[in-house]
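Hi,

Here is the structure I promised to pass on. Have a look at it first, and my notes come straight after.

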Amino acid sequence: GSIEIDVPRIDLTTFLSKDYLLDLGKVEGKNSWKIRKQAMDDINGAIDKCGSLILSTGPHLAQLVEIVRALNERMNDSQSNLKPVAATVVGKLISSVDEVAQIKLGRILYSTLLTAALSDRKQQMKDSALEALTLTLTKSEIDGGGPNLLAHEGLILPIAVSLKKSEYKASGTPGLLQLVTKQVKYFPRSDSIKSSKLKSSLLELTVQVVGCLTSSKSETRSAAETLLTKGSNAGLFQGSALDKGISVLLPAQQRSVQNVIVNVKGALPTEGQKPSADVQERGRRSKEPNTPQKENPSKLRGNSRPQRDLRSKKMDSMKMQASRKNLEKDRADDSDSISTLDTSQPLHLVPDSYVPKKPFRINGSRDSWPAFPDEPDEPDDLRRVWSPLIPQSSVAVLFNISSKKTQEDCQLGCKLLRNAIHYSSNNSEDPSCIDQLDLILK
């Protein structure tokens, strides 16, 4: 059988002066920051002397709680150069205690570390905070190393709360989402959670990560999509939780993230089926619009570029000729489509599209108008967002525009919109135009 060796742990305070807590909190005097810095260096040296085997049971845990609280305050020190020092020392301390003490001490630090990782002005502090967070999730080497699964469970709600407070605007949000993505397989699977409190925490995390898809920062949106895809593949996020995240958004925000959520749901493992290795990247690949393959380096020599330009011009010319030949036919087809829509709502929302639960009112003293999104700005983006919501016959009329974009090309689409508005004005219970007002104005 295997032989178990009980390695003794050491009391950290035996290597510290009796006034170490007073020195950590000293703020009076011009050179008080030097005393605080020396106190943190002393604690760092004491951890090394313990060989990262710190005793953390009974009264020794109470002493560590006092040290961690003092270091927690130093992560908000008035001297910005001391903040990353405090984060480094506290991360080293947490990684040197047993896994039970890790969880108890981590609860003191999570809020401060997450705030620093998200919003601190200096990148050095953000990096130090993320490293300390990683260490709070990792067992000490004497305990076997690897992830502390209970610590991962305890970090779910603090992450969700921090993301909500930041309103997805913090510059450090991509870094935090990337850290969670790296640790995603160590978080509990949603279908194995029995605690109602933990289920509620995981639901809140899902809602906040979905909310990150509405951020104005492209790095945050990309990191959120990657986390949702890999988290869904690992069983962390459920389809019902993703739907909940969608339901709390504004109608315009729902439309902007709809395609991403559809791709993310494609990464959800089916019942009884082991997730494939490439399903984690399925959502990202499906969103990329026909990425051209890289040219062979051997073809990039000589006159290859002029030849490519010539081929490109020929292809454009052929496309324009084909467009002219089919233009009259398309317009005739569009006219037929318009005639069939004169007595119905051409912008009627198709089933399963995301619509607001409460229609907007345009009469009365309490008018409520939808929020206008920053995007789409281009016709292709507008078609991508709008086409899943309305009948395909209407899509064909609205977006059948020739390369010249003349006034004549817009007549059929204007007629369709006029019919839709006329229909809504004659049918007060029809909310189609109001619900899609932001898209119509685009």
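Below is what turned up, going from helix packing to cores to a few single residues.

Some ground rules before that: this is a predicted model, where local features need pLDDT of at least 70 and side-chain atom pairs count only at pLDDT 80 or more, while totals for chains, interfaces and linings use all residues. Residues are numbered from 1 along each chain as its sequence is written, and side-chain values use heavy atoms, with hydrogens and water left out.

Helix packing

Helices here are DSSP runs of H or I with at least four residues, numbered from the N terminus. The axes (lines fitted to C-alpha atoms over the stretch in contact, with angles from 0 to 180 degrees between N-to-C directions) of H3 (residues 59-74) and H4 (residues 83-94) come within 8 Å and cross at roughly 155°. That makes H3 roughly antiparallel to H4 (the cut-off is over 145 degrees, against under 35 for roughly parallel). On the H3 side, the contact (heavy atoms within 4.5 Å) is made by Leu64, Ile67, Val68, Leu71 and Arg74, and on the H4 side by Lys83, Ala86, Val89, Val90 and Leu93.

H4 also meets H2 (residues 32-49): their axes come within 10 Å and cross at roughly 25°. So H2 is roughly parallel to H4. H2 residues including Met40, Ile43 and Ile47 make this contact with H4 residues, among them Ala86, Val89 and Leu93.

Cores

The largest nonpolar core (buried Ala, Val, Leu, Ile, Met, Phe, Trp, Tyr and Cys residues joined through side-chain atoms within 4.5 Å) has 78 residues, and Leu12, Ile67, Leu71, Leu93, Leu133 and Leu228 touch the most other members. Its largest share, 10 residues, comes from helix H5 (residues 99-119). Another core lies apart from it, with 17 residues, Leu382 and Phe399 among them. Leaving aside neighbours within four places in sequence, Ile67 is in contact with Leu12, Leu16, Tyr20, Leu21, Ile43 and Leu93.

Single residues

Is Thr173 buried or exposed? Thr173 is buried, because its relative accessible area is 0% (buried means under 20%, exposed over 50%, with a 1.4 Å probe and protein chains only). Thr173 sits in helix H8 (residues 173-182). Beyond four places in sequence, its contacts are Leu118, Leu163, Ser166, Cys212 and Thr220.

Cys212 is itself buried at 0%, and Cys50 is buried at 2%. The structure holds 0 disulfides (pairs of cysteine sulfur atoms within 2.5 Å).

Cheers

Key: Helices (H or I, at least four residues) and strands (E, at least two) are DSSP runs, numbered from the N terminus. Angles under 35 degrees count as roughly parallel, over 145 as roughly antiparallel, 65 to 115 as roughly perpendicular and the rest as oblique.
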